[in-house]
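Me: I would like a close look at a single part of this structure. Please take one strand and describe its surroundings in one connected account.

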Amino acid sequence: MATAFGKLILFGEHAVVHGQPSIAIPLRAVQVSTSITPRPQGDGLWITSKQLEHPLSLSDTQLPDALRYPIELALRHFNITQQPNIEVTISSTIPMASGFGSGAALAKALIDTIADALHQTIDPDALNQLVYEVEKIHHGTPSGIDNTVIVYEHPIYFVKDQPIEPINISTPMTLLVATLPHATSTYITVGDVNRLYENEPEHISIVFHSIGDIVRTARQALQNGDPLLLGKLMLDNHHYLQTLTVSDEQLDQLCYEAINAGALGAKLSGGGRGGNMIALVTDSTKANVKAALLANGAATVIETQIG
Ligand code: MEV
């Protein structure tokens, strides 16, 4: 049995693809789990999942790449040319395309499960590299933050192609995470931001750098336990994400309603244009904020702790 949690980006999405820092945490409220049962000799590898109408063989061309690719990469990593005779069952509570890293979490759980079936171990750095390879088919030009936070399961300060810096958060704080009824593939929003940057390099470069400054200050605020400053930084970050065209009317409205209901800060999280948004709340404001989010079209509201 293998599991992988979802993830939440707290600060710095999109700018992280262009070299700026970003902060992400594991989202333990949602997860993918996989288990293995033996199949008769010669059957090869089969996959069962709610996403599939019926079990499919790894050799079946109908098998989605998101399932096939991690398994093939894992087999290649362990130099296995003949499929093991097993059935892999996948169950997931991570909504797809909601900004919770469903693709990376699925890849991590599948690779771990194949390692398990082969009585092998894979170290986190090698696992992270394989999950990153899978991310490329989901996102095109991923920064690597999703696979990294999902593989290491720790809050991280992340800069593309730099060593990972774990963050220790001194004071626990509460976030509400609202999922929206609509989502846009990260592949599309990342591509649109790339084009925006190509068309207006000077202006967008200032936006990326301003987001980078927010992330550096947010890291200090998380380490010092300063929720008031964090709330303000979330709003500033959301404002720059609007400039990058990755917010939308409902994300803006949910952020506005969360603040009106007493949240210390709110912003979209992840790829944007739907997906999810986060609001920083206190014990005394969380019920009001949750009610306001649900009254304004949030599909679900998850409560999670940072720190
Ligand atoms: C997606 O979770 C985060 C983005 O910054 C894309 C990436 O970093 O690869 C939008």
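Reply: Strand β8 is joined to strand β10 (residues 276-281) by 6 bridges, and the two run antiparallel. The model is a predicted one, and what follows stays with β8 and the elements around it.

On the β10 side, Ala 178 has Met 277 as its bridge partner. β8 is also joined to β11 by 7 bridges, again in antiparallel fashion. There, Ala 178 stands opposite Val 301, and Val 177 stands opposite Ile 302.

These pairings belong to an open sheet of 4 strands in the order β9-β10-β8-β11, with antiparallel pairing. The edges of the sheet are β9 (265-269) and β11, each of which pairs on one side only. On average, neighbouring strands of the sheet are turned by 25° against each other, direction ignored.

Two helices are placed against this sheet. Helix α8 (residues 249-260) packs on the sheet and touches β9 and β10, its direction making about 160° with that of β9. Helix α9 (residues 286-295) lies across β8, β10 and β11 and runs at about 10° to β8.

As for burial, strand β8 spans residues 173-179, and 7 of its 7 residues are buried. In a regular strand, side chains alternate between the two faces of the sheet. Both faces of β8 are covered. Met 173, Leu 175, Val 177 and Thr 179 are buried on one side, and Thr 174, Leu 176 and Ala 178 are buried on the other.

The neighbouring strand β11 gives a view of β8 from the edge of the sheet. Thr 304 lies in β11, which covers residues 300-306. Thr 304 counts as buried because its relative accessibility is 10%, the cut-off for buried being under 20%. Apart from neighbours within four places in sequence, Thr 304 is in contact with Met 173, Thr 174, Leu 175 and Val 177, and also with Leu 8 and Leu 27.

The bridge partner of Ala 178 in β10, Met 277, also leads into the nonpolar interior. The largest nonpolar core has 101 residues, and those with the most contacts inside it are Phe 11, Leu 244, Met 277 and Leu 293.

Leu 244, one of these, leads on to a pair of helices. Not counting residues up to four places away in sequence, Leu 244 touches His 14, Val 193, Leu 196, Ile 204, Val 207, Phe 208 and Ile 211. Helix α5 (residues 186-199) and helix α6 (residues 201-224) pack with their axes 5 Å apart, at an angle of about 125°. The two helices are therefore oblique to each other. On the α5 side the contact is made by Val 193, Leu 196, Tyr 197, Glu 198 and Asn 199, and on the α6 side by Pro 201, Ile 204, Ser 205 and Phe 208. By type, the residues of this contact divide into 6 nonpolar, 2 polar and 1 charged. Among them, Val 193, Leu 196, Ile 204 and Phe 208 are also touched by Leu 244.

To return to the strand itself: β8 is joined to β10 by 6 bridges and to β11 by 7, and both of its faces are covered.

Notes
Residues are numbered from 1 along each chain as its sequence is written. This is a predicted model: local features need pLDDT of at least 70, side-chain atom pairs count only at pLDDT 80 or more; totals for chains, interfaces and linings use all residues. Side-chain values use heavy atoms; hydrogens and water are left out. Buried means under 20% relative accessible area, exposed over 50%, partly exposed in between (1.4 Å probe, protein chains only). Contact means heavy atoms within 4.5 Å. Axes are lines fitted to C-alpha atoms, for helices over the stretch in contact, and angles run from 0 to 180 degrees between N-to-C directions. Angles under 35 degrees count as roughly parallel, over 145 as roughly antiparallel, 65 to 115 as roughly perpendicular and the rest as oblique. Ala, Val, Leu, Ile, Met, Phe, Trp, Tyr, Cys and Pro count as nonpolar, Asp, Glu, Lys and Arg as charged, and the others, Gly among them, as polar. Two strands pair if DSSP finds at least two bridges between them. A nonpolar core is a set of buried Ala, Val, Leu, Ile, Met, Phe, Trp, Tyr and Cys residues joined through side-chain atoms within 4.5 Å.
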